[in-house]
Amino acid sequence: MGILLKPTQKRESITAEPRPVSKKLGLPFRFSVMWIALVVFCAVFADLMPLPEYDSMDWMNPAAPPGSQGGHPSLDGSPAEPEPFVYVFGTDTMGRDILTRLIFGARVSLLVGLIPPVIGLLAGGSLGMLAGFYRGRLDAFIMAAMDIILAFPGLVLLLAITFYLGQNLTNIIISLGFLTIPSFSRVARANTLTVSRREFIRASRMIGQNDLYILIYDILPNIILPLTVYALFLVSYMIVAEGTLSFLGLSVPSPVPSWGGMIAEGKEVLDQAGHVSFIPALALFLTVLSFNLMGDALRGVADSKETQL
């Protein structure tokens, strides 16, 4: 009796080891979701908020510190009969309200951060699935094309597109989306190669399912989570890339606000009015950190599913 009891206890301890997935999505994940939701809400409903125009200037209060009170900014900057207005985050070097530009700038940062990864996910993910599923000559051709794109300097491409097609948000998004295709194709190909060797793929072939059915209903659900995790990490990279492009003069033209552009505009007065750059830099930092934390949490979920299979 005693000898038979020990194996059963051991089995109970083994089955009790796996932790539920919900416990892995802890406080950092919740903080990230709340911050991203706040940023998205402000970006979507910015026009409905009681804010001045993002390009209106108060020449009486340039580079005012946070909490300063002045006249309500007007489009022509005239101080005649100003309405009392509190600059919660201060003003920039041209007297524009930083809070207003921060909220409207979230639109640019989110569009640049979210749409290029979606382009890369759709195009690169599809190409990677085809390369990993069919292999052979198609695999070699697709990977060779991806290597060529990776070898081409991205900054040169952005300069060329800006010079020939103009400097606007659409061209920036399309250019960055094109540059993300090779990385997504590699991730999709690697995961497709792993999934296509499993027994349920062979079972689908044995019961007569065609290739399109296997790709959509068998392979795609098993690789979408790793691709989503990679997309979240790439979102943060794209937001930082937009800030870098602003310093090089390749982002959206002034006076349209973007977080990167706001940071660049304040670099000349860091010693006198550091808040002009530090406040948008803090918003960018929290947003990038939130996307990274969400990606880490989902990667933990993906790893736990891999160990259970």
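# Salt bridges and helix H9: a chat

Guide: Asp139 is buried, with a relative accessible area of 9%. Buried means under 20%, exposed over 50% and partly exposed in between, using a 1.4 Å probe and protein chains only. This is a predicted model, where local features need pLDDT of at least 70, side-chain atom pairs count only at pLDDT 80 or more, and totals for chains, interfaces and linings use all residues. Residues are numbered from 1 along each chain as its sequence is written, and side-chain values use heavy atoms, with hydrogens and water left out.

Visitor: Which side chain does Asp139 meet in a salt bridge?

Guide: That is Arg189, at 2.8 Å from N to O. Asp139 lies in helix H5 and Arg189 in helix H7 (residues 169–195), so the pair ties together parts that are 50 residues apart in sequence. A salt bridge here is a side-chain nitrogen of Lys or Arg within 4 Å of a carboxyl oxygen of Asp or Glu. Helices (H or I, at least four residues) and strands (E, at least two) are DSSP runs, numbered from the N terminus.

Visitor: And is Arg189 buried or partly exposed?

Guide: Arg189 is partly exposed, with a relative accessible area of 24%.

Visitor: How many salt bridges are there by this rule?

Guide: The count comes to nine. Asp92, Arg96, Arg101 and Glu265 are linked in a network of them. Within it, Asp92 pairs with Arg101, the closest N and O atoms being 3.9 Å apart, and both of these residues are buried.

Visitor: What about Glu265 and Arg96?

Guide: Their side chains meet in a salt bridge at 3.3 Å, N to O. Glu265 sits in helix H10 (residues 259–265) and Arg96 in the loop between strand E2 (84–87) and H4, so this pair ties together parts that are 169 residues apart in sequence. Arg96 is buried at 3% relative accessible area, while Glu265 is partly exposed at 28%.

Visitor: Switching topic: what is the nearest side chain of opposite charge to Asp218?

Guide: Arg205, 8.6 Å away; Asp218 is buried yet has no salt bridge. For charge, Lys and Arg count as positive and Asp and Glu as negative, with His and the chain ends not counted. Asp218 is in helix H9.

Visitor: So which side chain makes a polar contact with Asp218?

Guide: Ser204 does, at 2.7 Å. A polar contact is a pair of N or O atoms within 3.5 Å; within protein, one must be able to donate a hydrogen and the other to accept it, and residues adjacent in sequence count only if both atoms are side-chain atoms. Leaving aside neighbours within four places in sequence, Asp218 is in contact (heavy atoms within 4.5 Å) with Val195, Phe200, Ile201, Ser204 and Tyr213.

Visitor: Next door, is Tyr217 buried or exposed?

Guide: Tyr217 counts as exposed, at 53% relative accessibility. This tyrosine is also found in helix H9, residues 211–248.

Visitor: Which residues form the nonpolar patch with Tyr217?

Guide: Leu212, Tyr213, Ile216, Leu220 and Ile224 join Tyr217 there, with about 550 Å² of accessible area together. Patch residues have over 30% relative accessible area and no salt bridge; like charges are joined within 9 Å, nonpolar side chains (Val, Leu, Ile, Met, Phe, Trp, Tyr) within 5 Å. Areas come from the Shrake-Rupley method with a 1.4 Å probe, and for residues only the protein chains shown count as cover.

Visitor: Last one: where is Arg135, and what is its phi?

Guide: Arg135 is in the loop between helix H4 (98–134) and helix H5 (136–151). Its phi is positive, about 55°, although Arg135 is not a glycine.
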